[in-house]
Number of protein chains: 2
Amino acid sequence: MVLKSFVEVRPDSHFPIQNLPFGVFKPEPNSEPRPGVAIADSVLDLSVISSAGLFDGKFLNNSDCFNQPNLNKFLELGRPAWREARSTLQKLLSADEPTLRDNEILKRKALLPMDKVQMLLPIAIGDYTDFFASMHHAKNCGLIFRGPENPINPNWFHIPIAYHGRASSIVISGTDIIRPRGQGHPTGNTPYFGPSRKLDFELEMAAVVGPGNGLGRPIDVNEAADHIFGLVLMNDWSGTTISPWIVTLDALEPFAIDAPEQNPPPLPYLTEKKSKNYDISLQVSVTPAGHQETCIVTRSNFKNLYWTITQQLAHHTINGCNLRPGDLFGTGTISGPEPESYGCLLELTWNGQKPLSLGRATRTFLEDGDEVIFTGCCKGEGYNVGFGMCSGKILPSPP
Amino acid sequence: MVLKSFVEVRPDSHFPIQNLPFGVFKPEPNSEPRPGVAIADSVLDLSVISSAGLFDGKFLNNSDCFNQPNLNKFLELGRPAWREARSTLQKLLSADEPTLRDNEILKRKALLPMDKVQMLLPIAIGDYTDFFASMHHAKNCGLIFRGPENPINPNWFHIPIAYHGRASSIVISGTDIIRPRGQGHPTGNTPYFGPSRKLDFELEMAAVVGPGNGLGRPIDVNEAADHIFGLVLMNDWSGTTISPWIVTLDALEPFAIDAPEQNPPPLPYLTEKKSKNYDISLQVSVTPAGHQETCIVTRSNFKNLYWTITQQLAHHTINGCNLRPGDLFGTGTISGPEPESYGCLLELTWNGQKPLSLGRATRTFLEDGDEVIFTGCCKGEGYNVGFGMCSGKILPSPP
């Protein structure tokens, strides 16, 4: 029997009772930020639920983790507390549970229309690492920039490659993105200074770290999942835009599938007893500047990752690096094998050689005024577990 | 006339009244962390001075910036508040000012022996960027890894190059460093897994950011100095070790000198009306494992930087990147022109080809149990402005 909520959920909603993703919001512009979960078109205010004493399990009873401006304190508590929160909330929101359903005053205080609240960054991000974990993306970049001889360096198959990104410029979905300026060097010996000429989106997802590890104490790859709270959509362009709702690994569990076979087999510290991906359909749409129409430009899937998020995490700590709750791990651009599933304009237009038709507009790279929208969704039997959207619009560089 | 304190200062002390570097400490293991300044062999507890109402100027009166576990709130206030703090403290500590000098109770509470307190990281570091700003270091690395054809890439002279480092693994002087493990690939096609075989120190300094900037709003190079609070010593090895005392740019001002001429001239956004370095003597000593003797292995100077810290900061923000108070900017290894002034073992031993004699031991790279000690000092007339030390010992990798 499908679990049902007393909150009415449209069939295409990303946020049924099976999902319950976590975020942080303000009910009013002057309110303090507080944690919430998404349910249908509403946000459930967890500070209200907590103050009403409804988190009464052994991990969350008397905890102030939902009276915080971000989720970091909750993330630090680990999977047992996350599971307790999830089961408490699923019970509280279910159709046959009267506690909240029949308490009009509490319900009015706790359940707020999502389109009336302001979503914020759900976590204080200590450090942000961006991997390069899709083989199709690595191969396409190699073909474009190095040619067909050896598109993927051999070490790519031994090691989850990553760079360390900037935490300060991570923004929440809906934030405008200013085209960056800097030095370029297209021809000759003298660099020019000016706006970026090839501004792209990158279709990614990101894992949110829960409990961290001490400096010098690596996390075993087979225990890495206990250090990951959930996933968000992520657009890695100028700065990094993430979706407001973190979908937990527990909500994603019904959509877990085997990760691709790895050949050559990874070294022992990266060898997983069970190597999992998740079947999450991803889609990118663009609304070109000056147009109303939104065009889908790519359809990919999280399952296209070669290196799993647990391998990424184990690799990140094997040298002794310490993670902290709220750290973010980007997957890198998630491209599929077909040209229609490439995860960025660099690949979709083959570095500008094949312009893309977007209704009445065409694009090689992003132009000022373009809006880019990511969505992600798992299709269950009779319900979805979705990520909502991750969007942003390009503003021109400063003069 | 030289400014004098009622606190007795040995002639070779790094911390006379002309310095007053800021740090954060705990008086007892169970105390709350609080800001302090170093004076001779003592630490002045700023939370005590603040509670006594002695910060009575217009910026710091009624501020709680010294009742914080780090300096970030003070850093955010900017140079006018920093100057007010400095002049208040110089007056309070001067030989002819009775307020603190003659108040035995307050003095006992506020002035604590430095060897009895525990120093902590003085700042919450949001993001940490490490530059590559010494031309001698860039040239030596180029010669070692690419050969004499073209040791420095031409772009190095147009752009202050940097990588984005990890904030979580920045530790305070005295913290042991565990030798990292990871994949290596010295010969053949199959990588091995094991402890790092060439562990090095890197002699650096780092700038601590004060007021930040909004996303998309670059900082002008000629205003960049107002966004830098001061400098620390930094060892960039496995993780990053910094010295506990931040010496302010105001204390360093008497040691400001012209930065080297830049050829080719930088682009307008990097062109400074006045391009400054500081004359800071730097020294690295090593105590080899199992030995008592400490040997000096290099002597360099901060003035060897090609790109100034203000150019680094302006460049970092020109693309719209936002900085936050407490962000850290490493200079990169500071090597001088002579072989005795190279800033890391890679250069000093020319990638292991010329072992270094350390008393009864020799080294190519660091061995387990080695302790590395950085010091830095400016020599004034009759006084020093120093950084104390930045030290750490190498522990073996986990089995």
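These exercises explore a predicted model with chains A and B, each with a worked solution.

Local features need pLDDT of at least 70, side-chain atom pairs count only at pLDDT 80 or more, and totals for chains, interfaces and linings use all residues. Residues are numbered from 1 along each chain as its sequence is written, chains are lettered from A and ligands numbered from 1 in the order in which they are written, and side-chain values use heavy atoms, leaving out hydrogens and water.

**Exercise 1. Find which residues UniProt lists for "binding site", and explain why they gather at one spot.**

Step 1. The unreviewed UniProt entry lists D130(A), E202(A), E204(A) and D236(A). UniProt positions are given in the numbering used here, feature names are shortened, and annotations may be inferred rather than shown by experiment.

Step 2. These residues span 107 residues in sequence, yet no two of their C-alpha atoms are more than 11.4 Å apart, so they gather at one spot.

Step 3. Place two of them. D130(A) lies in strand β6 (residues 128-131) of chain A, and D236(A) lies in strand β13 (residues 228-237) of chain A. Helices (H or I, at least four residues) and strands (E, at least two) are DSSP runs, numbered from the N terminus.

Step 4. Check the contacts (heavy atoms within 4.5 Å). Leaving aside neighbours within four places in sequence, D236(A) touches D130(A), E202(A) and E204(A), among others. The side chains of D236(A) and Y128(A) also share a polar contact of 3.4 Å. A polar contact is a pair of N or O atoms within 3.5 Å; within protein, one must be able to donate a hydrogen and the other to accept it, and residues adjacent in sequence count only if both atoms are side-chain atoms.

**Exercise 2. Decide whether D130(A), D236(A) and H137(A) are buried or exposed.**

Step 1. Set the scale: buried means under 20% relative accessible area, exposed over 50%, partly exposed in between (1.4 Å probe, protein chains only).

Step 2. D130(A) has 2%, so D130(A) is buried. D236(A) has 11%, so D236(A) is buried too.

Step 3. H137(A) is the residue that the unreviewed UniProt entry lists for "active site". H137(A) sits in helix α6 (residues 135-146) of chain A. With 5%, H137(A) is buried. Its contacts beyond four places in sequence are F132(A), T333(A), S335(A), C344(A) and E347(A).

**Exercise 3. Explain why helix α8 of chain A is largely enclosed.**

Step 1. Helix α8 covers residues 309-318, and 10 of the 10 are buried, so the rest of the structure largely encloses it.

Step 2. Look just past the helix. There G320(A) takes a positive phi of about 100°.

**Exercise 4. Describe the contact between chains A and B.**

Step 1. Each side is counted: 35 residues from chain A and 35 residues from chain B.

Step 2. About 2,800 Å² is buried between the chains, with carbon and sulfur atoms giving 56%. Buried area is the accessible area (1.4 Å probe) that two parts lose on being put together, summed over both. In chain A, H164(A), R166(A) and Q183(A) lose the most area to chain B, together 23% of what that side buries.

Step 3. The interface holds 4 salt bridges. A salt bridge is a side-chain nitrogen of Lys or Arg within 4 Å of a carboxyl oxygen of Asp or Glu. One joins R166(A) and D127(B) (3.8 Å, N to O). On the side of chain A that touches chain B, β7 (162-165), β10 (181-184), β11 (192-195) and α8 each supply at least two residues.
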